[in-house]
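Please work through the exercises below with the sequence and the structure at hand, trying each task before reading its solution.

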Amino acid sequence: MKLDRLLKNVIHTGSFCGETEISLITHDSRAVKPGALFICLRGENFDGHKFIPQAIEAGASAIIAEEGIAPPIEFCFANSVLLVKNTREAMAHISANFYDNPAEKLRLIGVTGTNGKTTTTYFIEEILRKCGRKTGLIGTVCIAANGKPLNIPFATSTTPDPPELHKIFAQMLELGVQDVVMEVSSHALALCKMEGLTFDVGVFTNLTQDHLDFHGTMDNYRAAKARLFSQSRFAVVNSDDESTATMLKFHGDDPFLTYGIDSGDLRALHIEFCNQTTFDLQETGGLRRFVLNNQGRFNVYNSLAAIGVALALGIPADDVQRAFNSGLSGVPGRIQSVPNERGLSIFVDYAHTPDGLENIISAVRECTTGRLITLFGCGGDRDREKRPIMGKIAGRLSDFCFLTSDNPRTENPAEILTQIESGVCETPVTYQVIEDRRDAIFAAIKMLAPGDSLIIAGKGHEDYQIIGAEKFYFDDFKVANEALSTI
């Protein structure tokens, strides 16, 4: 595509040739090839402007840089060089233009919040698909079209970067997709990945402490989430969460629907838990009975959000109820039961925040007759403040805890565990520290007795551990099965 077409809706200055043909957009100098447009991004640990020489040497046809950080003058004569106020915003618009703005031809549903994003997107997508819509799904666990996973090797984050995201939109459009349900992370919003997109429905699940290593304060974190609602035609928000007021303030005068257990336009009543979760939905048409195969109070909230989206999109309530009660699939790594012939209750879950850990322990407690054992750790190079908080929650709600490594990354695993332990020590719970995660899982399963429940928390669907700068294969579900075979 010619450079001048890529620059639609991008305010820029600098010398360039509009006829320059661009065949690739990238912000990674290692991926530059002849014909590439190299976009210089600045991050916490890098500055793409420093890699302009490498990009030029690799054959970049054009450079997008930020104002005030212009490349050396010798590059300006040989290449098209454009200066913009914010290269991240520019990248979002350029990426959309490169793929002929596929999102404009799709109905977008964005889900944001600390916890519940993945499950809520799964529920929404399945309800819409069962009601006859062609659907796409973008999120933490997978990217799928019409219920079938797509092979997207470049998607490494909850919300892909704009060049990858708009390529995914284009692929989905070719496959006949009408509605795309996607997780929208606070990082994606703060880093302008959603720039230029309009969501037919924006969803807010909840807000609790997480990602303060990136956002700095809860106010910044909340404001980042709220940006989704300034780009949404309709909002479906959790009225039981105190941060909903901020979301609606950003949403302005556009229509919205609230949901909750204690309050809301859509309210769950007469909730019953155990092997199934059932509740009556109170809405303008009266009470409707809903049956969910997933456990936990938090999944009632996820269900209400999904139901709210379907209603907001105009799907008749009878059809929504029928689709929901036909059985919604679980999400891999979200209260995922580890089947066994010994009658032991073992669950693998992604919970890695204080609120997420409290939710999963509370959900499993409702169906546990014996001891509840929680095994967890905290990721390295991430929010350190939540570590003692999670330790205190696990100690308060569990009968026994195993503290172990999650993804320590470049931090010392022992130091992470010490910080978690400081919170556990404030509770009377008995616990054991086993740094090696495999050894910890084996030890936890060995101590299980009939009626006990074990929660293996923190990694869920992930099939790796990051230790130092290396990624090693590690799957909690498979390791648990290996441990079961030894007892």
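The exercises that follow treat a sheet, two residues and several salt bridges.

This is a predicted model, in which local features need pLDDT of at least 70 and side-chain atom pairs count only at pLDDT 80 or more, while totals for chains, interfaces and linings use all residues. Residues are numbered from 1 along each chain as its sequence is written, and side-chain values use heavy atoms, with hydrogens and water left out.

**Exercise 1. The sheet**

Task: Work out the order of the strands in the open sheet of six strands, and state which are the edge strands.

Solution: Begin with the terms: helices (H or I, at least four residues) and strands (E, at least two) are DSSP runs, numbered from the N terminus, and two strands pair if DSSP finds at least two bridges between them. The order is then β16-β17-β21-β18-β19-β20, with mixed pairing. At the edges lie β16 (336–337) and β20 (430–433), each of which pairs on one side only. Next, take one pair inside the sheet: β18 (residues 372–376) and β19 (residues 400–403) run parallel and are joined by four bridges, and Leu375 has Phe402 in β19 as its bridge partner. Finally, helix α13 (residues 354–365) packs on the sheet, where it touches β17 (345–349), β18 and β21 (453–457), a contact meaning heavy atoms within 4.5 Å. The direction of α13 makes about 155 degrees with that of β18; such angles run from 0 to 180 degrees between N-to-C directions, the axes being lines fitted to C-alpha atoms, for helices over the stretch in contact.

**Exercise 2. Two residues**

Task: Decide whether Leu41 and Ser453 are buried or exposed, and find what Ser453 is in contact with.

Solution: Use the cut-offs first: buried means under 20% relative accessible area, exposed over 50%, and partly exposed in between (1.4 Å probe, protein chains only). Leu41, which sits in the loop between β2 (36–39) and α2 (52–57), has a relative accessible area of 3% and is therefore buried. Ser453, found in strand β21, is at 2% relative accessibility, so Ser453 also counts as buried. Leaving aside neighbours within four places in sequence, the contacts of Ser453 include Ser345, Phe347, Val364 and Thr368. With Thr368, the side chain of Ser453 forms a polar contact of 2.8 Å, that is, a pair of N or O atoms within 3.5 Å, of which, within protein, one must be able to donate a hydrogen and the other to accept it, and residues adjacent in sequence count only if both atoms are side-chain atoms.

**Exercise 3. Salt bridges**

Task: Explain why the salt bridge of Glu66 and Arg42 ties together separate parts of the sequence, and then examine the pair of Asp399 and Arg365.

Solution: A salt bridge is a side-chain nitrogen of Lys or Arg within 4 Å of a carboxyl oxygen of Asp or Glu, and by this rule the count comes to 23 salt bridges. In one of them, the side chains of Glu66 and Arg42 meet at 2.6 Å, N to O. Glu66 lies in strand β3 (residues 62–66) and Arg42 in the loop between β2 and α2, so the pair ties together parts that are 24 residues apart in sequence. Glu66 is buried at 8% relative accessible area, whereas Arg42 is partly exposed at 44%. For the second pair, the closest N and O atoms of Asp399 and Arg365 are 3.1 Å apart. Asp399 is in the loop between α14 (386–397) and β19, and Arg365 is in helix α13, 34 residues apart.
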